[in-house]
Amino acid sequence: MKEEDRRPDSEQLLRSIQNADGPPGGRLKIFFGYAAGVGKTYAMLEAAHRAKEAGVDVVAGYIEPHTRPETMALLEGLEVLPTKTVTYKGISLKEFDLDGALARHPQLLLVDELAHTNAAGSRHTKRYQDIQELLRAGINVYTTVNVQHLESLNDVVASITGISVSERVPDNVFDSAYQVEVVDLEPADLLERLREGKIYRGPQAAQALDHFFSLKNLASLREIALRRTADQLESSPRFQGEVKPKAGEHILICLSGAPSNAKVIRTAARMAKAFHGAFTALFVETSDFASQSEQDRKRLRDHVHLAEELGARIATAYGDDPAVQIAEYARISGISKVVLGRSPRKRGFTSPKNLVDRLNELAPDLDLYIIPDQTARQSKRLRRLRQSQEKFSPKDLAKMLGILLLCTLGGALFSHWGFANSNVIMLYILGVLGIAMVTTGRSYSVAASVLSVLIFNFFFTHPYFTFMSDPSYIATFGVMFVVAFLGSSLTTRMKRQARLNAEKAYRTAILLETSQKLQKAEGSQAILALTAHQLNKLLDRDLVIYQREENGELSPTLFPVSPETNCQGLFNQIHKKATKKCQKQILAPDTFADGLFAPA
């Protein structure tokens with residue numbers, strides 16, 4: 001965006017800074033971009049110089065160190081607040097000095113990188129929380145942020161670029177800004193700047209060109225950034241008191257501890273903003289809630305916090321049938337749309353329908369939106385295919401004993417009705433075949449074959465309640481065991497073969513998909529990223545790939561299976577093990593923290 005296009009807005013903001021007699025509290029201006037290198041920090045520093053020329057007390061609180069001389073040159077002539085040093089795990093980190101900024105208390109403070117996560121030991125976890133404290137103290141703030149760091153857009157950007165960032169800013173912080181200035185640059189010009197080494201240098205620049213910085217990706221991100229800025233105008237404090245569109249929609253999501261629930265919340269938040277509607281997050285507490293694992297409870301708390309950050313009103317309902325509670329709440333509250341994650345169909349005779357089917361019956365006037373979770377479905381399918389056949393299961397043991405009990409009761413009825421023992425034998429053989437079908441391991445059907453012979457001998461042959469007392473039945477017992485064992489073995493083999501065929505088909509589909517995608521991939525980094533992603537799907541494992549640089553050092557790249565993975569903790573764990581094993585010099589995480597595949 002040209003300087004003359006920005007100047008009127010800047011002057012207007014300067015006048016408001018100098019003359020505003022409104023309520024206490026500073027005003028926030030965000031320089032907003034769609035990718036690194038568009039010139040956010042440069043534009044912010046230019047605006048700061050104009051403010052200083054207009055007589056405003058301006059201080060640079062924190063400017064991210066760049067390898068861009070044109071940007072850093074603009075710091076000349078501005079007062080720069082000293083940073084504070086924080087030591088974390090033996091590493092000295094430079095952080096923004098919040099207390100120093102509050103003590104200096106300028107009219108206008110520059111704080112770069114709104115989405116930054118502060119080092120452990122800082123007063124606030126996130127830099128946007130530092131800025132909120134500065135605003136409450138009456139200090140006006142200029143800051144910068146990219147579109148991929150907005151919470152509600154995280155899934156959208158990740159689907160375009162294949163990269164999910166963990167440093168995110170709640171949308172209400174962005175929407176509360178007094179002014180948002182889009183720092184725009186044509187994607188072709190941005191790519192040219194990258195090739196000239198003005199954004200990243202060396203291998204990092206080549207990696208960016210091969211993966212994130214494609215013309216298609218940048219064009220999509222630019223469009224998202226412009227649309228999001230237009231949406232922000234409606235909630236900006238600059239337009240308080242003006243007539244806004246009335247909320248015509250009321251969107252509801254259901255909170256849960258499922259990993260995919262975060263994606264559902266973000267999708268619903270975007271829909272609520274697009275429809276200018278209300279947004280409610282409902283948690284249905286059932287009697288099973290008390291028995292939930294601590295991991296599920298923690299995820300649920302995180303999802304409640306996420307929904308609050310995205311502007312949702314939290315509500316709770318109680319009952320053992322979530323579909324009934326959701327339908328009743330929707331009727332009372334005037335809900336028009338419900339956003340749900342895909343729920344599996346329950347098996348059995350008592351609950352043949354899933355939540356979506358029940359809601360369609362109970363509230364046919366509601367619009368239901370189902371958000372797919374491809375990653376979760378692939379992971380569940382892969383884990384199901386790899387289940388160990390011989391793993392002990394109390395549930396399978398109960399099935400085996402229950403079927404044998406039913407066969408014994410049936411045999412007692414047959415004897416009471418005067419049926420021959422051959423009919424009882426056939427009943428036990430049928431039971432063994434049933435056990436082979438409903439259990440997962442061969443050991444259950446083998447044990448059932450032995451137990452069925454012993455139970456038949458104990459209850460149905462003379463003398464009763466003894467074992468092997470009549471030699472004439474030995475041949476009968478042997479034939480019965482062989483028939484039961486062979487039948488169960490054939491049934492188990494068929495189940496195992498079907499499972500192996502399903503796993504083989506899954507692997508073949510992944511390999512075919514990999515072959516097709518590799519033909520379209522351009523550049524070594526794109527091929528590497530694609531290969532790692534396909535290995536994630538095939539093996540259901542997080543990967544760290546080490547590439548040898550020209551100087552002989554190893555550069556690590558993390559490829560997590562799930563976007564919800566704690567990348568920093570996972571990376572530190574794997575990186576530590578690899579360092580001990582290899583005993584080689586490996587780049588520390590902070591060396592490439594600005595890289596495209598750096599752990600967040």
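How many aromatic pairs does a search of the whole structure find? The search finds nine. The legends below describe close-up views of this predicted model.

**Figure 1. Strand β6 is paired with β2 and with β7.** Four bridges join β2 to β6, and the two strands run parallel. Strand β2 covers residues 58–62, and β6 covers residues 108–111. Within this pairing, Val59 has Leu109 of β6 as its bridge partner. Strand β7 (residues 140–146) is joined to β6 by three bridges, again in the parallel sense. Here Leu110 is matched with Tyr142 of β7. To get from β6 to β7 the chain passes through α5, and this β-α-β crossover is right-handed.

**Figure 2. Both faces of β6 are covered.** Leu108 and Leu110 lie on one side of the strand, and Leu109 and Val111 lie on the other. Each of these four residues is buried. Gly61 belongs to β2. Is Gly61 buried or exposed? Gly61 counts as buried because its relative accessible area is 1%, under the cut-off of 20%. Gly61 and Leu110 are 49 residues apart in sequence, but their C-alpha atoms are 5.3 Å apart in space.

**Figure 3. Two residues in the loops on either side of β6 have a positive phi.** Most residues other than glycine have a negative phi. His105 has a phi near 45 degrees, which is positive although the residue is not glycine. His105 sits in the loop between α4 (98–104) and β6. With a relative accessible area of 38%, His105 is partly exposed. Glu113 also has a positive phi, near 60 degrees, and is not glycine. Its place is the loop between β6 and α5. Glu113 is partly exposed at 30% relative accessibility.

**Figure 4. Ser122 is in the loop that leads from β6 to α5.** The loop between β6 and α5 holds Ser122. A polar atom of the Ser122 side chain lies 2.9 Å from the backbone oxygen of Ala119. Is Ser122 buried or exposed? Ser122 counts as buried, because its relative accessibility is 18%, and the cut-off for buried is under 20%.

**Figure 5. Helix α5 is mostly covered.** The helix spans residues 127–136. Seven of its ten residues are buried. They are Arg127, Tyr128, Asp130, Ile131, Glu133, Leu134 and Leu135. The list includes residues with charged side chains by name, such as Arg127, Asp130 and Glu133. Just after the helix comes Gly138, with a positive phi of about 90 degrees.

**Figure 6. The buried residues of helix α8 are on the same side of the helix.** Helix α8 consists of residues 187–195, and its buried residues are Pro187, Leu190, Leu191 and Leu194. Why are these residues placed on the same side of α8? They cover an arc of only 100 degrees around the axis, so they fall on the same side. Gly197 follows α8 and has a positive phi, near 80 degrees.

**Figure 7. Strands β10 and β11 pair in the parallel sense.** Strand β10 covers residues 278–285 and β11 covers residues 313–318; six bridges are found between them. Thr280 stands opposite Arg313 in β11. Between the two strands the chain runs through helix α12 (residues 294–309). This β-α-β crossover is right-handed.

**Figure 8. Phe414 and Trp417 form a tilted aromatic pair.** A pair of aromatic rings is described by the distance of the centres and the angle of the planes. For Phe414 and Trp417 the distance is 6.4 Å centre to centre, and the angle between the planes is 35 degrees. Trp417 is exposed, with a relative accessible area of 52%.

**Figure 9. Five aromatic residues form one cluster.** The members of this cluster are Tyr428, Phe456, Phe458, Phe459 and Phe460.

**Figure 10. Cys254 and Cys407 are two buried cysteines.** The relative accessible area of Cys254 is 14%, which makes it buried. For Cys407 the value is 6%, and this residue is buried as well. How many disulfides does the structure have? The count comes to zero, with a cut-off of 2.5 Å between cysteine sulfur atoms.

Definitions and conventions:
Residues numbered from 1 in each chain as written. Predicted model: local features only at pLDDT ≥ 70, side-chain atom pairs only at ≥ 80, totals over all residues. Heavy atoms only, no water. Buried < 20%, exposed > 50% of the residue type's maximum accessible area, 1.4 Å probe, protein only. Arc of directions from axis to C-beta. Polar contact = N/O pair within 3.5 Å; in protein donor to acceptor, adjacent residues only side chain to side chain. Pairing = 2+ DSSP bridges. Right-handed = clockwise from strand over helix to strand, strands pointing away. Phe/Tyr/Trp six-rings, centres within 6.5 Å; stacked < 30°, edge-to-face > 60°.
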